[in-house]
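Thank you all for making the time this morning. I would like to take you through one chain, beginning with a helix and ending with an arginine in a loop.

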Amino acid sequence: MSVKTKSLKKAIPKNTQVPVEIENIGYWAEDYLEENGYNINRGAGVDLPDYNVEIKTRCVNSKSAHTVGRMTTETIINTPYTQSSVKDKIQQQYRVEYDNEGTIVSNEIYDFSEDWIQNLIEQSYEAGRQEIAQGMAGKNNTKTYGVGVFQRDKNKEQWQFRITKTGMEKIKSMSKQKSFKKLFEY
């Protein structure tokens, strides 16, 4: 059993202004945490390796799916969910959400490692993986299966595994409900 992180002591405070004019707010969040003493992984794998936590930033009004990670076509075909970088990146996430004016309104760690949440994500990944392996995926993306979809990066043999907006709301809610844990504990 891995250690679960409930919070970050030097988290990005609510009401902090995000510089929305910059191109990548995710990098801004990583830089902020690094300046406050956190070890940031800028390569493959989770962003906060000492805590096994991925960092995600998002405008609360965005309607697009949530990117979990990227993989090449060949890697997807050859890598089951249980061995994928996608699985690593969707165990625990520090999610920093901001409004249209760039004010941080939420900064929580979500634990998506519970079996019932992982099963939903794995089913989506594996169905999309099968579609890609059989050459049945559309030009730009697979069908949406459950909570997830693979979307191809334009003109590349690289895909993003993404959780739909509705799917993310579902797994975030599940991760916070103690009743789910009671129902599924062994």
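Before the helix itself, a word on the yardstick: the expected span of a helix is 1.5 Å times one less than its number of residues. Please keep in mind throughout that what you are looking at is a predicted model.

With that yardstick, α5, which has 12 residues, reaches 17 Å from its first C-alpha to its last, close to the 16 Å expected. The buried residues of α5 are Gly167, Met168, Ile171, Lys172, Met174 and Ser175. Viewed down the axis of α5, these buried residues fall within an arc of 160°, so they line one face of the helix.

One of them, Ile171, leads us to the interior, since it is named with Ile90, Ile121, Phe161 and Ile163 among the residues that have the most contacts inside the largest nonpolar core, a set of 22 residues. At least two residues of this core are supplied by each of β2 (66-72), α4 (115-133), β6 (158-163) and α5 (165-176), and the largest share, 5 residues, comes from α4. As a general remark, nonpolar side chains in soluble globular proteins tend to be buried together.

What does Ile121 touch, once its neighbours within four places in sequence are left aside? Its contacts are then Tyr81, Ile90, Val147, Phe161, Ile163 and Ile171. Apart from this core lies another, of 18 residues, which includes Leu8, Leu48, Tyr94 and Ile104.

Tyr94 brings us to the strands, where its bridge partner in β4 is Ile109. Strands β3 (residues 92-98) and β4 run antiparallel and are joined by 7 bridges; in their hairpin, which has 5 residues between the strands, Gly102 takes a positive phi near 90°. As for β4 (residues 104-111), that strand is mostly covered, with 6 of its 8 residues buried.

Let me finish with Arg42, which sits in the loop between α1 (25-35) and β1 (54-59). Is Arg42 buried, partly exposed or exposed? Its relative accessibility is 43%, and because partly exposed covers the range between 20% and 50%, Arg42 counts as partly exposed.

Not counting residues up to four places away in sequence, Arg42 touches Tyr27, Glu30, Asp31 and Glu34. With two of these residues its side chain makes polar contacts, one of 2.8 Å to the side chain of Asp31 and one of 2.7 Å to that of Glu34.

Key: Residues numbered from 1 in each chain as written. Predicted model: local features only at pLDDT ≥ 70, side-chain atom pairs only at ≥ 80, totals over all residues. Heavy atoms only, no water. Core = buried A, V, L, I, M, F, W, Y, C linked by side-chain atoms within 4.5 Å. Buried < 20%, exposed > 50% of the residue type's maximum accessible area, 1.4 Å probe, protein only. Helix = DSSP H or I, 4+ residues; strand = E, 2+ residues; numbered from the N terminus. Contact = heavy atoms within 4.5 Å. Arc of directions from axis to C-beta. Pairing = 2+ DSSP bridges. Polar contact = N/O pair within 3.5 Å; in protein donor to acceptor, adjacent residues only side chain to side chain.
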